[in-house]
Amino acid sequence: MNSALNRPSGFTELALSGQIDLHCHSTASDGILSPAALVSRAKCQGVSLLALTDHDTVRGVDEASRAAKCHDLTLIPGIEFTAGWGKRSVHIVGLNFDHESTEIRSAVELRDILRAERAEKIAEKLEKCGFHGALAGAAALAEGAVIGRPHFARWLVEAGHVDSTARAFKRYLGAGKAGDVSVEWPQLDETIRSIRAAGGAAILAHPLKYGLTRTRLLGLLLDFAGAGGDAVEVVCGQQNPVQTREILTLLEQVSAKGWKLHASLGSDFHQPDQPWRELGGVRLPPGVEPVWNLWQTDAHRKSG
Ligand code: AMP
Ligand code: MN
Ligand code: MN
Ligand code: MN
């Protein structure tokens, strides 16, 4: 049920008819636009195939799907899961799954608990920095959405403690800073299993954003492929051609080890005032196999 909402039969045809964007955020997580407003903006930007991929939630999918029907745009259910890779955390985008399945529900419920616990701990740490009322402030800004660090960042700006959200991360919320809290997120393999059990494809998001050496990154890609991962974001948000080339080289190395990973792309849009990650502002380079080919042939399911 609902494995792909208002999905036409030919994704390749659709891919040729407009822009594709398979990674973006709404007010269901840390985005600024409601799911309906996001879909409307995507349509204005020429997007014909869109996946809503909020952090650790599918709460916005039904609203986005209704809006997509009005705008004659194809909406794929998606999510951006936070997952553990050893002691590090990585982001795994899930696409084109049954967003009402028990597998997705339980993976989301687990993260709800972890995020609520983390939010309390972040607030306690910020309290020690002399900032009172952070939890209530971040919760008010989240308006019922899962609380993320960006809500704390916005609260710190609103309360006058810092002058920008970037500075809030740099000073308080980033790794190793005073408000940093480590979380034992469900691991990479478990996360991939949840997505695939719900009929979806698992995509390693923005591989160059984890601050890994090339050797470690190749290790991550091999672990990801070995755990059943389907694709890698070859193009994401603001990325220069040299970086895209680096990812393609890594994919060749993965392929030389006998693993096949498809290519995905997404703007990682969060808000309208960031033109470097506007909806639909991404293209796949030639010579890669797009992730949506999986949905035409379903070949990866047959090979296990
Ligand atoms: P969370 O999922 O709650 O850990 O928050 C992660 C989100 O915070 C990312 O998806 C970004 O939207 C945002 N973020 C991470 N680092 C920064 C930064 N340095 N400046 C601004 N936003 C950031
Ligand atoms: Mn985000
Ligand atoms: Mn991410
Ligand atoms: Mn994202």
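A donor here is an N, O or S atom within 2.8 Å of the metal, and water is not among the atoms, so sites may look incomplete. Keep that in mind as we walk through this predicted model.

**Ligand 3, a manganese ion**

Let's start with the manganese ion called ligand 3. Its protein donors are Glu80 (OE), His91 (ND1) and His206 (NE2), which lie 2.0 to 2.2 Å from the ion. Reading along the sequence, these donor residues follow the spacing E-x10-H-x114-H. Two of them link distant parts of the chain: His91 belongs to strand S4 (residues 88–95), while His206 is in the loop between strand S5 (201–204) and helix H9 (214–226), 115 residues apart.

**Ligands 2 and 4, also manganese ions**

Which residues hold the manganese ion (ligand 2)? It is coordinated by Asp30 (OD), His55 (NE2) and His270 (NE2), at 2.1 to 2.2 Å. Asp30 sits in the loop between strand S1 (19–21) and helix H2 (35–44), and His55 in the loop between strand S2 (47–52) and helix H3 (61–71), so this pair ties together parts that are 25 residues apart in sequence.

The manganese ion (ligand 4) is coordinated by His23 (NE2), His25 (NE2), Glu80 (OE) and Asp268 (OD). His23 and Asp268 link distant parts of the chain, 245 residues apart: His23 is in the loop between S1 and H2, and Asp268 in the loop between strand S7 (262–266) and helix H11 (293–297). Glu80 is a donor for ligand 4 and for ligand 3 as well.

Here are the three ions side by side.

| Manganese ion | Donor distances | Spacing along the chain |
|---|---|---|
| ligand 2 | 2.1 to 2.2 Å | D-x24-H-x214-H |
| ligand 3 | 2.0 to 2.2 Å | E-x10-H-x114-H |
| ligand 4 | 2.1 to 2.2 Å | H-x1-H-x54-E-x187-D |

How far apart are the ions? Ligand 2 and ligand 3 are 5.7 Å apart, and ligand 4 and ligand 2 are 4.7 Å apart.

**Ligand 1 and its pocket**

Now for ligand 1, which takes up the space of the largest pocket. Helix H4 (102–128) and helix H6 (149–158) are the elements that give two or more residues to the shell around ligand 1. The residues around it are Asp30, His55, Arg115, Arg118, Gly148, Arg149, Pro150, Phe169 and His270. Sorted by class, this shell has two nonpolar, three polar and four charged residues.

Some of these names are familiar: Asp30, His55 and His270 surround ligand 1 and also coordinate the manganese ion (ligand 2).

Oxygen atoms of ligand 1 also make polar contacts. One is 2.9 Å from a side-chain N or O atom of His55, and one is 3.1 Å from a side-chain N or O atom of His270. With Arg149, a backbone N or O atom lies 2.8 Å from an oxygen atom of the ligand. The protein covers 70% of the 500 Å² of accessible area that ligand 1 has on its own.

Methods
Residues numbered from 1 in each chain as written. Chains lettered and ligands numbered in written order. Predicted model: local features only at pLDDT ≥ 70, side-chain atom pairs only at ≥ 80, totals over all residues. Heavy atoms only, no water. Near = heavy atom within 4 Å. Polar contact = N/O pair within 3.5 Å; in protein donor to acceptor, adjacent residues only side chain to side chain. Areas by Shrake-Rupley, 256 points an atom, 1.4 Å probe, with all protein chains shown as cover. 1 Å grid on protein atoms, 1.4 Å probe; cavity = no way out; pocket = protein on both sides within 12 Å on 5 of 7 lines; lining within 4 Å. Sits in = over half its atoms within 2 Å of the grid points. Helix = DSSP H or I, 4+ residues; strand = E, 2+ residues; numbered from the N terminus. Nonpolar A, V, L, I, M, F, W, Y, C, P; charged D, E, K, R; others polar. Donors = N, O, S within 2.8 Å, 3.2 Å for Na, K, Ca; no water.
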